[in-house]
Amino acid sequence: MPLVFLALDDTLLDRSGAFRLWAKGFLDEIAAPQEDLDWLLSVDADGLTSRWDLADLIRDRYQLDIPSIDLLEELHEGPLAYERLDPLVACALQIAGDAGWVPVVVTNGPHEQQETRIRRTGLDRYVADWVISEQAGVSKPNPRIFALAAQRVRMRLGGAWIVGDSPEADIGGAAAMGLPSVWLHRGRDWIDNRFAPTRVVGNVIQGLSAVMAAR
């Protein structure tokens, strides 16, 4: 039974879609023009911007009389209200499991927040386990986090695949370990010439299909 390591944000869960929905409502709430949605999505940078930094950018742009700590909480909790596990993704995970694959989530980020998302959306019912960088003490693309994930489910790394949307964290991690990988392009072109994914697809459902077809 081989392992398939899966990223969380914008792979198993549509983090960007949830943030976009929250952002639209937030801009309405502060009476900002909807044309600013592109700016807000840009400075969010797919969640890579520090939430403290993002809160400061928003406060400065709109001259908001809101304490940074309150805006920080809104940035953490607001998008979560819009986050759902796509039933088709759940179905794909079930099919992969029935086919003998063992899906394990490997994600960077704060432990409490990431685990809450996994449990709140019901994703925990469709994966064997998960490893979160803050608790593990190591982040993707460091191979150690994938080795820890394999240990959690008492399995070997041989035959494992890595599926994710991050060129550096996911595909770079796979390259460092010599494992095959699937990159979710999300409309982007591959530009890193240091390494390359084994397969390129549009979403995690196609990614799981590619993994199963390659077995």
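Helices, such as the one that holds aspartate 38, are DSSP runs of H or I with at least four residues, and they are numbered from the N terminus. In this predicted model, aspartate 38 belongs to helix H2, which covers residues 37-44.

## Overall form

The secondary structure of the protein chain amounts to 10 helices and 6 strands. The radius of gyration is 18 Å, close to the 17 Å that the globule rule gives for 215 residues, so the chain is as compact as a globular protein of that length. Taken along its principal axes, the C-alpha trace spans about 55 × 35 × 30 Å.

Of the 215 residues, 47% count as buried, while the chain as a whole exposes about 10600 Å², of which carbon and sulfur atoms supply 50%. Among contacts between residues at least 6 apart in sequence, 58% join residues that are at least 24 apart. The chain carries 21 positive and 31 negative charges, and the mean positions of these two sets are 9 Å apart.

## Lysine 140 and the cis bond

Lysine 140 sits in the loop between helix H7 (133-136) and helix H8 (143-152). With a relative accessible area of 10%, lysine 140 falls under the 20% cut-off and is therefore buried. The side chain of lysine 140 has two polar partners to be described here: the backbone oxygen of valine 106, reached at 2.9 Å, and the side chain of aspartate 170, joined to that of lysine 140 by a polar contact of 2.7 Å. When neighbours within four places in sequence are left aside, the residues in contact with lysine 140 are Ala7, Val106, Thr107, Asn108, Ile145, Phe146, Ala169 and Asp170; both valine 106 and aspartate 170 are thus among the residues in that list.

The peptide bond that leads from lysine 140 to proline 141 is cis, with omega near 15 degrees. Proline 141 is likewise found in the loop between H7 and H8.

## Two further buried loop residues

Leucine 13 lies in the loop between strand S1 (3-6) and helix H1 (15-29), and its relative accessible area of 1% places leucine 13 in the buried class. Leaving aside neighbours within four places in sequence, leucine 13 is in contact with Leu8, Glu83, Arg84, Leu85, Arg117, Thr121 and Leu123. For one of these residues, glutamate 83, the separation from leucine 13 is 70 residues in sequence and 7.3 Å in space, C-alpha to C-alpha.

Aspartate 192 is placed in the loop between strand S5 (181-184) and strand S6 (199-201). Aspartate 192 has a relative accessible area of 17% and is also buried, and a polar contact of 2.6 Å joins its side chain to that of arginine 194.

## Exposed residues

The table lists exposed residues with their relative accessible areas.

| Residue | Relative accessible area |
|---|---|
| Aspartate 38 | 57% |
| Glutamine 63 | 65% |
| Arginine 125 | 63% |
| Arginine 154 | 78% |

Because exposed means over 50% relative accessible area, aspartate 38, at 57%, belongs to this class. The C-alpha atoms of aspartate 38 and arginine 154, which are 116 residues apart along the chain, are separated by 44 Å. Arginine 154 itself is found in the loop between H8 and strand S4 (161-164), and its phi is near 55 degrees, a positive value in a residue other than glycine.

Glutamine 63, in the loop between helix H3 (51-62) and helix H4 (68-77), has a positive phi of about 50 degrees although it is not a glycine. Arginine 125 occupies the loop between helix H6 (111-120) and strand S3 (129-132). Its C-alpha atom and that of aspartate 14 are separated by 17 Å, the two residues being 111 residues apart along the chain.

Note on methods. Residues numbered from 1 in each chain as written. Predicted model: local features only at pLDDT ≥ 70, side-chain atom pairs only at ≥ 80, totals over all residues. Heavy atoms only, no water. Helix = DSSP H or I, 4+ residues; strand = E, 2+ residues; numbered from the N terminus. Rg over C-alpha atoms; globule rule 2.2 N^0.38 Å. Buried < 20%, exposed > 50% of the residue type's maximum accessible area, 1.4 Å probe, protein only. Contact = heavy atoms within 4.5 Å. Areas by Shrake-Rupley, 256 points an atom, 1.4 Å probe, with all protein chains shown as cover. Lys, Arg positive; Asp, Glu negative; His and termini not counted. Charge placed at Lys NZ, Arg CZ, Asp CG, Glu CD. Polar contact = N/O pair within 3.5 Å; in protein donor to acceptor, adjacent residues only side chain to side chain.
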